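Here's a quick briefing to read alongside the model. Grab the viewer and follow along, topic by topic.

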Amino acid sequence: MRRLVMGMLVLACMSLVTAASAEIATIDVWGSAPTPPLQPNVPWIDDLKIDKFNPAWGELLSVHVWISGQVYGEMGFEHTNPNGPTSFFDIFLGAEVQVTAPPGAGPNFDVVLGRHEHEDDIAAYDGIMNFDGPSGTSWLVSESNSTGEIVVDPSNFAPYIGPGQLFLPSQSIGRSTFSTSAVNYEQLMKCYAKAKVHIAYDYRVIPEMNTLALASLGGFVWLPLFRRFRK
Ligand SMILES: [Ca+2]
């Protein structure tokens with residue numbers, strides 16, 4: 001009877017440890033690099049910073065990556081001469097964001113905002129500086145794209161593991177040209193880019209050192225009790 005009780009206790013302790021070591025968990029981390037308004041034809045360079053998988057959390061089982069990007073902006077024109085003749089304008093905006101893919105997540109990722117071009121004849125100033133009305137016009141432009149889920153091969157896990165962060169360089173650029181026959185005018189050119197990387201780490205939870213220490217302590221406490229019980 002005593003042996004049976006002791007055996008059951010030992011089994012209970014073992015199953016607790018087994019349950020703890022078999023637990024699978026996921027940690028999600030993100031990095032993003034939004035730009036300020038892009039200067040035409042001047043690259044904006046930044047790093048996406050993403051937390052690595054800390055080996056103290058457990059054993060890394062799988063790495064999943066999603067990459068997305070967006071380029072967006074506004075372009076417009078207002079003829080500001082109230083007496084001016086109808087004028088011609090030609091305006092175009094293009095932009096691009098590129099982000100270095102995390103290790104083993106395929107080629108570098110980019111989103112290209114294709115050439116948006118508008119040309120028109122436009123009337124004399126309508127008295128309201130709003131890029132609208134007979135003397136003004138404007139457009140919103142946007143392009144976005146994302147990868148599906150990318151599963152990283154375990155042979156590429158090493159750069160993901162450790163304290164610190166992964167640094168993924170990102171470059172954005174806005175391109176624009178503009179020409180007009182107007183002498184007095186205001187021109188609107190705003191362009192931004194955003195890149196985002198999401199990583200999910202699946203891992204097997206290792207019981208914390210505290211838990212292990214308590215388990216050992218438990219053994220030391222129980223052992224004399226068992227011995228006393230057996231007497
Ligand atoms: Ca106007």
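Which residue in β8 is the bridge partner of Phe89? It's Thr180. That pair belongs to the contact between strand β4 (residues 87-99) and strand β8 (residues 165-180), which run antiparallel and are joined by eleven bridges. Bear in mind that this is a predicted model, with an average pLDDT of 84.

**Overall layout**

- The protein has nine strands and two helices.
- Reading from the N terminus, the elements go α-β-β-β-β-β-β-β-β-β-α.
- Of the 231 residues, 23% count as buried.
- Take the contacts with a separation of 6 or more: 82% of them are between residues 24 or more positions apart.

**How far to trust it**

- 80% of the residues reach a pLDDT of at least 70.
- Confidence peaks in strand β7 (residues 150-152), at a mean of 98, and is lowest in helix α2 (residues 209-230), at 47.
- Residues 9-21 stay under 50 in pLDDT, and the model gives that stretch nine contacts beyond four places in sequence.
- Residues 216-231 also stay under 50, with three contacts beyond four places in sequence.

**The four-stranded sheet**

- Four strands make an open sheet, ordered β2-β8-β4-β5, with antiparallel pairing.
- At the edges sit β2 (44-51) and β5 (109-122), each of which pairs on one side only.
- On average, neighbouring strands of this sheet are turned by 15° against each other, direction ignored.
- As a reminder of what holds such an arrangement together, strands of a sheet pair through backbone hydrogen bonds, either parallel or antiparallel.
- β2 and β8 run antiparallel and are joined by eight bridges.
- Leu48 stands opposite Leu168 in β8.

**Phe92, a residue in β4**

- Phe92 lies in strand β4 and is partly exposed, because it has 16 other C-beta atoms within 10 Å.
- Leaving out residues up to four places away in sequence, Phe92 touches Arg115, His116, Glu117, Ser176 and Thr177.
- Take Arg115 from that list: Phe92 and Arg115 are 23 residues apart in sequence, yet their C-alpha atoms are 6.5 Å apart in space.

**The nonpolar core**

- The largest nonpolar core has 36 residues, and the members that touch the most others are Ala95, Val99, Ala193 and Val197.
- β3 (58-79), β4, β5, β8 and β9 (185-205) are the elements that give two or more residues to this core.
- β9 supplies the largest share, ten residues.
- Where does Val197 reach? Beyond four places in sequence, Val197 touches Gly31, Leu48, Ile50, Val65, Ile67, Val99, Pro102 and Leu168.
- Two of those names should ring a bell: Leu48 and Leu168 are the residues that stand opposite each other between β2 and β8, and Val197 touches both.

**Asp28, out on strand β1**

- Is Asp28 buried or exposed? Asp28 is exposed, because just 10 other C-beta atoms lie within 10 Å, and the cut-off for exposed is 12 or fewer.
- You'll find Asp28 in strand β1 (residues 24-32).
- Setting aside neighbours within four places in sequence, Asp28 is in contact with His198 and Ala200.
- Asp28 and Val65 are 37 residues apart in sequence, and the C-alpha to C-alpha distance between them is 9.9 Å.

**Two positive phi angles**

- Asn41 has a phi near 65°, a positive value in a residue other than glycine.
- Asn41 sits in the loop between β1 and β2 and counts as exposed, because it has 10 C-beta neighbours inside 10 Å.
- Phe131 isn't a glycine either, and its phi is positive too, at about 50°.
- The place of Phe131 is in the loop between β5 and β6 (136-146).
- Phe131 is partly exposed, because it has 18 other C-beta atoms within 10 Å, while a residue needs 20 or more to count as buried.

Key. Residues are numbered from 1 along each chain as its sequence is written. This is a predicted model: local features need pLDDT of at least 70, side-chain atom pairs count only at pLDDT 80 or more; totals for chains, interfaces and linings use all residues. Two residues are in contact if their C-beta atoms, placed from the backbone, lie within 7 Å. Two strands pair if DSSP finds at least two bridges between them. Axes are lines fitted to C-alpha atoms, for helices over the stretch in contact, and angles run from 0 to 180 degrees between N-to-C directions. A nonpolar core is a set of buried Ala, Val, Leu, Ile, Met, Phe, Trp, Tyr and Cys residues joined through C-beta atoms within 7 Å. pLDDT is the predictor's confidence in each residue, from 0 to 100.
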